[in-house]
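Trainee: I should like to go through the terms applied to this model and the grounds for each of them. Could we take them in turn?

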Amino acid sequence: MFLDCDRCLYEKNQLVEVICQLRFPTILSISAKEPVEFQEAIRRDFPQYKPLQEQPAPKVTGTPGNMKLEQPKPVINYQFLSANGKWKVNLTNSFIALATPAYTKWEDFAAQLDKVLAHFIPIYEPAYFERVGLRFINVFSKKALGLEQVPFSELIQPGYLGLMSEDDVQERQFARAGQDVEMTISGGCRVKLHAGPGMLQRGKVKDEEVKFILDNDIFMLGNIPVKECAPALQTVHIQADRIFRGAITDQLHNAMEPLPMD
């Protein structure tokens, strides 16, 4: 499941989005008024502002025989976008997140995150972080990589293919073959992983190519001191790298055209 190897960049990386989310104990002042001071601090890098009102899923409350669905109050999700729309910060009363579809390497992403947190932390003073996570969503396109005649069984390691790795079945027989896993891994981390074939839909346009989706959400839980956030993220990133390289074959690795790190 894991593979330790030298880091590299990919000329044809298949990432569609990378997300870092930091959850903290609820800070009511964030939802009580618009985040004027925070916006002023990051507005040069994230000039577009869009508040969204989101309705959380109902919660089951009560005791057996006297249970009911409770509808939580709507949550305001403050969204800040870069001028080109490729970087996004989301802020609610319980988390802050940075996301991009234009990920290149960890150092660049971490530098952008550092700038956001350098303003967020002194303004809102979170007591600690309850969850520190990174989510890497890869969608492997055979067409984009010149591998249209190659089965996924030669591109993805058997453990991530499930029944698709069996010799007596063919890839085209499967209408659905995804697997979802949550488990403890090294470094005090956990991972929620989805792997399997699928088709993307962007807006009303559906992509007819069947791609392989590898969605890794690696995170640490607990009362993580604010000053330990950076080391925690570094650990999470290392585990994300190990899982990704353990999931793909050398053929897929080479098709993405790896480049040495500077």
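Mentor: The discussion below covers a helix pair, a pocket and a cavity. Please bear in mind that the model is predicted.

Trainee: Why are α3 and α5 called roughly antiparallel?

Mentor: The axes of α3, residues 106-124, and α5 cross at roughly 155°. Angles over 145 degrees count as roughly antiparallel, and α3 and α5 therefore receive that description. Their axes come within 12 Å, and the crossing is right-handed.

Trainee: Which residues make the contact between α3 and α5?

Mentor: On α3 they are W106, L113 and L117, and on α5 they are C229, L233, Q234 and H237.

Trainee: How do you know how the residues of that contact divide into nonpolar, polar and charged?

Mentor: Trp, Leu and Cys count as nonpolar, whereas residues outside the nonpolar and charged lists count as polar. The contact of α3 with α5 accordingly divides into five nonpolar and two polar residues, with no charged ones.

Trainee: What makes up the lining of the largest pocket?

Mentor: The lining has 27 residues, and C8, Y10, H237, D241 and F244 lie nearest the centre of the pocket. Elements giving two or more residues to this lining are β1 (8-10), β9 (129-140) and α5 (229-247). The most comes from α5, with seven residues. By class, the lining comprises 14 nonpolar, six polar and seven charged residues. The volume of this pocket is about 450 Å³.

Trainee: What makes a space a cavity as opposed to a pocket?

Mentor: In a cavity a 1.4 Å probe fits but cannot get out, while a pocket is open. The structure holds one cavity of 30 Å³ or more, and about 30 Å³ of space lies in the largest cavity.

Trainee: Which residues line the largest cavity?

Mentor: The lining consists of F140, S141, K142, F152, L155, I156, F212 and L252. Since Phe, Leu and Ile count as nonpolar and Lys as charged, this lining divides into six nonpolar residues, one polar and one charged.

Key: Residues numbered from 1 in each chain as written. Predicted model: local features only at pLDDT ≥ 70, side-chain atom pairs only at ≥ 80, totals over all residues. Heavy atoms only, no water. 1 Å grid on protein atoms, 1.4 Å probe; cavity = no way out; pocket = protein on both sides within 12 Å on 5 of 7 lines; lining within 4 Å. Points joined across faces, edges and corners; volume = space filled by probe spheres on them. Helix = DSSP H or I, 4+ residues; strand = E, 2+ residues; numbered from the N terminus. Axes fitted to C-alpha atoms, helices over the stretch in contact; angles between N-to-C directions. Parallel < 35°, antiparallel > 145°, perpendicular 65-115°, else oblique. Left-handed = near helix turned anticlockwise from the far one by under 90°. Contact = heavy atoms within 4.5 Å.
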